[in-house]
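Colleague: Could you take me through the nonpolar packing and the aromatic rings in this one? I'd like a close look at that part alone.

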Amino acid sequence: MAISWIYKVWILLLPIVDCALSSYSEDQCSWRGSGLSQQQGSVEQISLHCSEGALDWLYPKGALRLTLSPRLPSAAVGPGGSSSGLITACVKPSEHFHGAQLYLERDGVLELLVGDRLEESPPTRVRCFSRLPGEKVALFLQATPHQDISRRIASFRYELRGDWTVRLSLDSNPVSSNEGACRPCNNTELLMAVCTSDFVVRGNIEAVDEDSELRAAVIKVSTTRVFRQKYALFTGTGRLTLSGEIRTLLQCGVRPGAGSFLFTGRIHFGEAWLGCAPRYKDFLQAYTQAKLVQQLHCELAVD
C-alpha cells in the first residue's frame with residue numbers, strides 16, 4: 001500500500017519536475033534547463049526575444065540550438081541616426097563554464113566560440129559577432145562526454161544591439177572586425193550619442209590603467225556633471241564630484257590629459273564602455289550650432 005501511494009505521488013510530481021528542469025523567464029529573455037530531461041543525441045530548440053539575457057544548462061547532455069530574435073527599440077541604430085540592419089551579438093561565458101562547447105551557426109556552418117574549459121585553464125572572455133539582414137544565425141551548444149556530469153554547468157550571458165555596438169564591444173578573439181572602434185565621432189554621431197547613450201557625463205581623466213586580462217584601458221573619471229546614467233556607474237560621497245570607470249579598447253591608446261571632456265557610451269555586461277568623448281568645449285560648440293538651426297535630437301541642460 002505504501003509503495004503504491006509513493007508511486008502515485010511520483011506520477012503526479014513528474015509534470016512539475018519536468019517543468020522545473022526547463023523554463024523560460026516570464027519575458028523570454030533567459031532560459032534555464034537540465035540535460036537530464038533530454039534524450040541522448042537530441043537537439044532542443046530554444047528561442048529568446050530580448051536584447052539581453054542568460055542561459056544556464058545544468059548537467060549538459062545532447063545539444064541545444066538557440067535562436068535570438070530581439071525586439072530592439074528604434075533607438076538601437078547607428079550613431080548617425082540610421083540603421084543598416086546590422087545586429088551585433090556578444091556572449092560572455094561564466095567563469096565556471098563546463099560540460100559543453102558553444103558554436104556560432106551561420107548558414108549551416110559551425111564556428112567555435114567557447115570551448116569546454118579545463119579546470120586549470122583561464123576563462124574565455126567575451127566573444128562577439130555580427131548578423132547581416134536576412135542572415136540565418138544561431139548559437140549551438142554541444143555537450144561534451146563526461147563520466148561525471150554532476151558538476152557540469154554551461155552558462156553564459158548574451159547581449160544584442162544595433163550596429164553602434166561594433167564601436168564599443170571588446171572582442172578578445174575576433175569573430176568580426178573592430179575596425180573604426182577608435183575613430184573620433186563626428187558632430188552628427190556625437191549629437192546622436194548624447195540622446196541614445198546609456199551614460200552622458202562631463203568630467204576629467206584622473207588616470208588610465210591597463211587591464212591586461214581584458215586587453216582594455218580603464219579610464220578613471222571624476223565627474224562634475226552627470227546628465228544621464230542608466231545605472232549607478234558614477235558614485236561617491238561628495239555632492240559635487242562623483243567618480244567611476246570607463247573602459248575602451250587598449251589599441252585606442254587613451255592617455256591622461258588635462259581639460260574637461262564629455263563622456264558617452266554604453267553598458268556592456270554591467271561595465272561602462274566608451275562611445276564618443278570629445279573635449280567639452282568642442283561638444284558645446286557643436287551643440288550650440290545645432291540648436292541654432294534646430295537640428296537637435298534632444299536637449300541637455302548644458303552650462
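Modeller: Here is a walk through the cores and then the rings. This is a predicted model, so to speak plainly: local features need pLDDT of at least 70, side-chain atom pairs count only at pLDDT 80 or more, and totals for chains, interfaces and linings use all residues. Residues are numbered from 1 along each chain as its sequence is written, and side-chain values use heavy atoms, with hydrogens and water left out.The largest nonpolar core (buried Ala, Val, Leu, Ile, Met, Phe, Trp, Tyr and Cys residues joined through side-chain atoms within 4.5 Å; buried is under 20% relative accessible area with a 1.4 Å probe, protein chains only, exposed over 50%, partly exposed in between) has 28 residues, and L55, W57, L102, L139, F156 and Y158 touch the most other members. Among the elements giving it two or more residues are β4 (52-58), β7 (100-106) and β11 (153-161); strands are DSSP runs of E, at least two residues, and helices runs of H or I, at least four, numbered from the N terminus. Leaving out residues up to four places away in sequence, F156 touches L55, L66, V91, L102 and L139, among others, where contact means heavy atoms within 4.5 Å.

A second, separate core of 14 residues includes L233, I246, F261 and L274.

Now the rings: Phe, Tyr and Trp (its six-membered ring) pair if their centres lie within 6.5 Å, with planes under 30 degrees apart stacked, over 60 edge-to-face and the rest tilted. That gives four aromatic pairs. F261 and F263 make a tilted one, 5.9 Å centre to centre and 35° between the planes; F261 is buried at 11% relative accessible area, and F263 at 2%. F283 and Y287 are tilted too, at 5.6 Å and 45°, and they sit about one helical turn apart because four residues separate them in helix α3 (residues 280-292). Ring pairs link Y280, F283 and Y287 into a cluster.
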